[in-house]
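This report describes a single protein model together with its bound ligand. Please consult the sequence and the coordinates alongside the text.

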Amino acid sequence: MPDSSARVYATCDIGDAALARVRAAGLRLEVHASPLPPAHDLLLRKVQEPGLIGLLTTLRDPIDAALLAAGAANGLRVVAQCAVGLDNVDLATATRLKIVVTHTPDVLTAATAEFALFALGTLARKLAASEQLVRSGNWSHWHPYLPFLGQEVHGMTIGIIGVGRIGRAFAARCIGLDTDLLLHDPRHQDAALIEALQAECDLRFRHGLSREQHRVRFVDLPTLLEESDAVSLHLPLRADTHHLIDRAALRRMKPEALLVNTARGAVVDELAVAEALRKRWIAGAALDVFAREPLPPDSPLLDPAIADRLRLFHHFASGTKRTRLDADPDVGMAGRAVAGLLAVLRPETFGDPRQLPYIVNPEVLD
Ligand code: DGY
């Protein structure tokens with residue numbers, strides 16, 4: 001018989017459909033009522049409340065050693081994060097304290113990859129400026145090149161840094177736009193991926209679907225930065241990726257190059273990006289993620305002098321109804337987060353949790 005005093009605290013409303021599954025599993029669920037994240041001391045109190053065995057979290061919550069220690073002492077068994085990125089969770093401490101951590105890979109891959117491509121398109125084709133022209137009433141006449149022109153994504157050499165799930169999906173979509181690809185990943189070189197992507201380029205060319213033969217290569221980081229017309233980031237935030245795109249990296253890029261970041265804000269040095277745009281070391285950037293979110297009003301990225309070259313979004317790459325809220329663990333982040341939680345707390349629902357791809361530290365279960 002499931003323990004009816006077992007409780008779960010959700011730091012955020014992740015949608016009724018998915019949350020209903022937590023209740024249906026006989027767990028007492030409390031959902032943080034405000035759309036703002038709970039303060040750290042409130043979270044600390046929550047994990048110490050009697051019966052609290054599960055936390056449903058988002059990337060806004062610092063799940064640090066103090067919180068995990070307090071939780072573990074009170075019987076906390078699982079932190080189920082509704083995001084693929086886990087840089088807000090002290091995973092080593094969770095593992096040491098035998099708390100299972102789960103996340104939501106795969107279900108947001110397509111949404112994030114296509115968003116990165118659309119962000120690149122928005123930037124390259126100056127879509128925001130075009131709309132602004134119409135809305136402001138300043139569109140006085142059609143003209144072949146005034147008041148501005150854009151760049152085509154077609155034919156670009158696109159550099160992809162990070163070729164995990166989302167980087168690969170982004171690469172596959174770029175091929176449909178007839179681009180050359182330069183891939184780099186600080187941790188591994190995937191020959192099979194290069195082969196598969198190249199085969200797709202070859203097929204498109206052979207069947208007359210692309211006019212030019214495009215190439216896919218794995219290269220070192222300096223080569224990627226120097227040769228790409230656009231660089232898209234698809235890396236988790238780790239010690240070795242923090243400020244990977246710094247002043248020196250930006251200096252290596254072409255003056256006409258564009259930078260897209262849908263990964264984590266601190267993978268780029270934001271101060272250096274603002275400087276690179278101001279001094280026109282690069283032509284533009286589209287950023288969906290920031291070192292501090294929401295973006296503080298005094299951020300150098302909000303400098304009006306660079307607004308025409310910089311597109312800013314509100315950590316929105318996975319932001320579709322289906323990807324964020326669907327209760328099916330194979331479709332939506334909410335569903336997958338709840339599945340992670342229940343896999344640990346109600347293993348009879350999902351079978352052996354060790355087999356599930358979204359448990360980050362399955363060794364805790366052994
Ligand atoms: C994640 O899941 O890590 C994304 O950044 C938010 O969708």
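Which residues are around the ligand?

## Ligand site

The model is a predicted one. In this model the ligand is surrounded by Leu59, Ala83, Val84, Gly85, Leu108, Arg264, His315, Ser318 and Met333. By residue class, this shell comprises 5 nonpolar, 3 polar and 1 charged residues.

Oxygen atoms of the ligand make polar contacts with backbone and side-chain atoms of the shell. A polar backbone atom of Val84 is 2.7 Å from a ligand oxygen, and a backbone N or O atom of Gly85 is 2.8 Å from a ligand oxygen. For Arg264, a polar side-chain atom lies 2.6 Å from an oxygen atom of the ligand. Considered alone, the ligand exposes 230 Å², of which the protein buries 92%.

## Overall architecture

The protein contains 14 helices and 12 strands. Along the principal axes, its C-alpha atoms occupy a box of roughly 70 × 45 × 35 Å.

Why does the radius of gyration of the protein agree with that of a compact globule? A compact globule of 366 residues would have a radius of gyration near 21 Å, and the value for the protein is 22 Å, so the two agree.

## Helix H6 and the loop that follows

Side chains of opposite charge can pair when their charged atoms come close. The structure holds 19 salt bridges, and one of these links Glu131 to Arg135, with the closest N and O atoms 2.6 Å apart. Both residues belong to helix H6, and because they are 4 residues apart, about one helical turn separates them.

Helix H6 spans 127–135, and a loop lies between H6 and strand S6 (157–161). Trp139 is found in this loop. Together with Val134 and Trp142, Trp139 makes a nonpolar surface patch of about 420 Å². Pro147 is also placed in the loop between H6 and S6, and the peptide bond leading to Pro147 from Leu146 is cis, with omega near 0°.

## Backbone geometry

Most residues other than glycine have a negative phi, and most peptide bonds are trans. Against this background, three sites merit attention during inspection of the backbone.

The cis bond between Leu146 and Pro147 has been noted above. A cis peptide bond also joins Glu293 to Pro294, where omega is about -5°. Pro294 is located in the loop between strand S11 (284–287) and strand S12 (310–312). The remaining site concerns phi: Lys126, a residue other than glycine, has a positive value near 55°. Lys126 lies in the loop between helix H5 (109–124) and H6.

Methods
Residues are numbered from 1 along each chain as its sequence is written. This is a predicted model: local features need pLDDT of at least 70, side-chain atom pairs count only at pLDDT 80 or more; totals for chains, interfaces and linings use all residues. Side-chain values use heavy atoms; hydrogens and water are left out. Patches are made of residues with over 30% relative accessible area and no salt bridge: like charges are joined within 9 Å, nonpolar side chains (Val, Leu, Ile, Met, Phe, Trp, Tyr) within 5 Å. Accessible areas come from the Shrake-Rupley method with a 1.4 Å probe; for residues, only the protein chains shown count as cover. A salt bridge is a side-chain nitrogen of Lys or Arg within 4 Å of a carboxyl oxygen of Asp or Glu. Helices (H or I, at least four residues) and strands (E, at least two) are DSSP runs, numbered from the N terminus. A residue is near a molecule or strand if one of its heavy atoms lies within 4 Å of it. A polar contact is a pair of N or O atoms within 3.5 Å; within protein, one must be able to donate a hydrogen and the other to accept it, and residues adjacent in sequence count only if both atoms are side-chain atoms. Ala, Val, Leu, Ile, Met, Phe, Trp, Tyr, Cys and Pro count as nonpolar, Asp, Glu, Lys and Arg as charged, and the others, Gly among them, as polar. The radius of gyration is taken over C-alpha atoms; the globule rule is 2.2 Å times the number of residues to the power 0.38.
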